[in-house]
Amino acid sequence: MTSPRRISVVLFERFEVLDVLGPVELFSKVPGLQVEHVGPGTGPVRSAQGVQVIAETSYQELQEPDILLVPGGAGTRPLAADPDFLGWLGRTAKNSRLVTSVCTGSALLAAAGALDGYCATSNKLAFGWVTGCGPDVDWQPQARWVADRNRWTSSGVAAGMDMAHALIQHLHGAEAADNAARIAEYEPHRDSTWDPFAQIYGLS
């Protein structure tokens, strides 16, 4: 028997709700994965859509992170210029076994220096802003998600579920990933290079 993997989802005011709840829906269907929500403090954190998610752990209480997931959303803009938050995120990412992001969550990782020297992607509508947060990142303009060593980043919003499916497969095998998708009646894109939005926004 192996110990369950723990995914710590970072919450902040005005996070994008599907960036969090889409991947969590799939993760929750895998017995070998545990999910915790981490916020500025314990208690409810409001998404950009008004839905609140309860943080069981505060940023400062997070100990020995295993897998970190950073969502995007309107709240990433002020945080990308917040030295206290970026300092915490940089330290936390450095100590995590695996670091993942959805949408503009990669902008926060980049601003914290946690993607320097890695390939990464992000939301294509916001790509210009995101890439400015990390000049030392090898940004991939056409990618549904990018897995580079222990850094996994996805394109915008719904792409996070495709990355989550691929991540489950990486951690627990294809059967576990496909079972989670089947329970959710979700049909994932399996090709990480499939990205029509790069063309729509003039990036390819």
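## Two residues with positive phi

Val-157 is partly exposed, with 24% relative accessible area. In this predicted model, Val-157 sits in the loop that runs between β11 and α6 (159-172). Its phi is positive, about 45°, although Val-157 is not a glycine. Most residues other than glycine have a negative phi.

Arg-149 also has a positive phi without being a glycine, and here the angle is about 55°. The residue belongs to the loop between β10 (145-148) and β11. Arg-149 is exposed, because its relative accessible area of 57% is over the 50% cut-off.

## Helix α3 and its surroundings

Helix α3 covers residues 83-94, twelve residues in total. From the first C-alpha to the last, α3 reaches 16 Å, close to the 16 Å expected at 1.5 Å a residue. At the start of the helix, the backbone nitrogen of Asp-84 has a side-chain oxygen of Asp-82 within 3.0 Å.

Which residues of α3 are buried? They are Phe-85, Leu-86, Trp-88, Leu-89, Gly-90, Thr-92 and Ala-93. These buried residues pack against both strands and helices. The strands are β1 (5-10), β6 (67-70), β7 (98-101) and β11 (151-154). The helices are α2 (76-79) and α4 (105-111).

## Glu-36 and its partner Arg-6

Glu-36 lies in strand β2. Is Glu-36 buried or exposed? Its relative accessible area is 14%, and it counts as buried because that value is under 20%. Not counting residues up to four places away in sequence, Glu-36 touches Arg-6, Ile-7, Ser-8, Val-9, Glu-56, Thr-57 and Leu-62.

One of these contacts, Arg-6, forms a salt bridge with Glu-36 through its side chain, with an N to O distance of 2.9 Å. The pair links distant parts of the chain: Arg-6 is in strand β1 and Glu-36 is in strand β2 (residues 33-39), 30 residues apart. Arg-6 counts as partly exposed, at 24% relative accessibility, whereas Glu-36 is buried.

## Other salt bridges

Side chains of opposite charge can pair when their charged atoms come close. The count of salt bridges in this model comes to eight. One of them joins the side chains of Glu-25 and Lys-29, at 2.6 Å from N to O. Glu-25 is partly exposed, with a relative accessible area of 35%. Lys-29 also counts as partly exposed, at 24% relative accessibility.

Arg-190 and Asp-178 form a further salt bridge, in which the closest N and O atoms are 3.0 Å apart. Arg-190 lies in the loop between α7 (174-183) and α8, and Asp-178 lies in helix α7, so the pair ties together parts that are twelve residues apart in sequence. At 54% relative accessibility, Arg-190 counts as exposed, while Asp-178 at 24% counts as partly exposed. Elsewhere, Arg-5, Asp-66 and Arg-97 are joined into one network by salt bridges that share partners.

## A buried valine in a loop

Where is Val-137 found? Val-137 is in the loop between α5 (127-132) and β9 (138-139). Although it is part of a loop, Val-137 is buried, with a relative accessible area of 9%.

Leaving aside neighbours within four places in sequence, the contacts of Val-137 are Ala-110, Leu-115, Asp-116, Tyr-118 and Ala-120. Val-137 can also be placed relative to Cys-119: the two are 18 residues apart in sequence, and their C-alpha atoms are 6.2 Å apart in space.

## A nonpolar surface patch

Which residues make the nonpolar surface patch of about 520 Å²? The patch is made by Leu-125, Trp-194, Phe-197, Ile-200 and Tyr-201.

Among them, Phe-197 lies in helix α8 (residues 196-200). Phe-197 is partly exposed, with a relative accessible area of 35%. It can belong to the patch because 35% is over the 30% that a patch residue needs.

Terms used
Residues numbered from 1 in each chain as written. Predicted model: local features only at pLDDT ≥ 70, side-chain atom pairs only at ≥ 80, totals over all residues. Heavy atoms only, no water. Helix = DSSP H or I, 4+ residues; strand = E, 2+ residues; numbered from the N terminus. Expected span 1.5 Å × (residues − 1). Buried < 20%, exposed > 50% of the residue type's maximum accessible area, 1.4 Å probe, protein only. Contact = heavy atoms within 4.5 Å. Polar contact = N/O pair within 3.5 Å; in protein donor to acceptor, adjacent residues only side chain to side chain. Patch = residues over 30% accessible without salt bridge, like charges linked within 9 Å, V, L, I, M, F, W, Y side chains within 5 Å. Areas by Shrake-Rupley, 256 points an atom, 1.4 Å probe, with all protein chains shown as cover. Salt bridge = Lys/Arg side-chain N within 4 Å of Asp/Glu carboxyl O.
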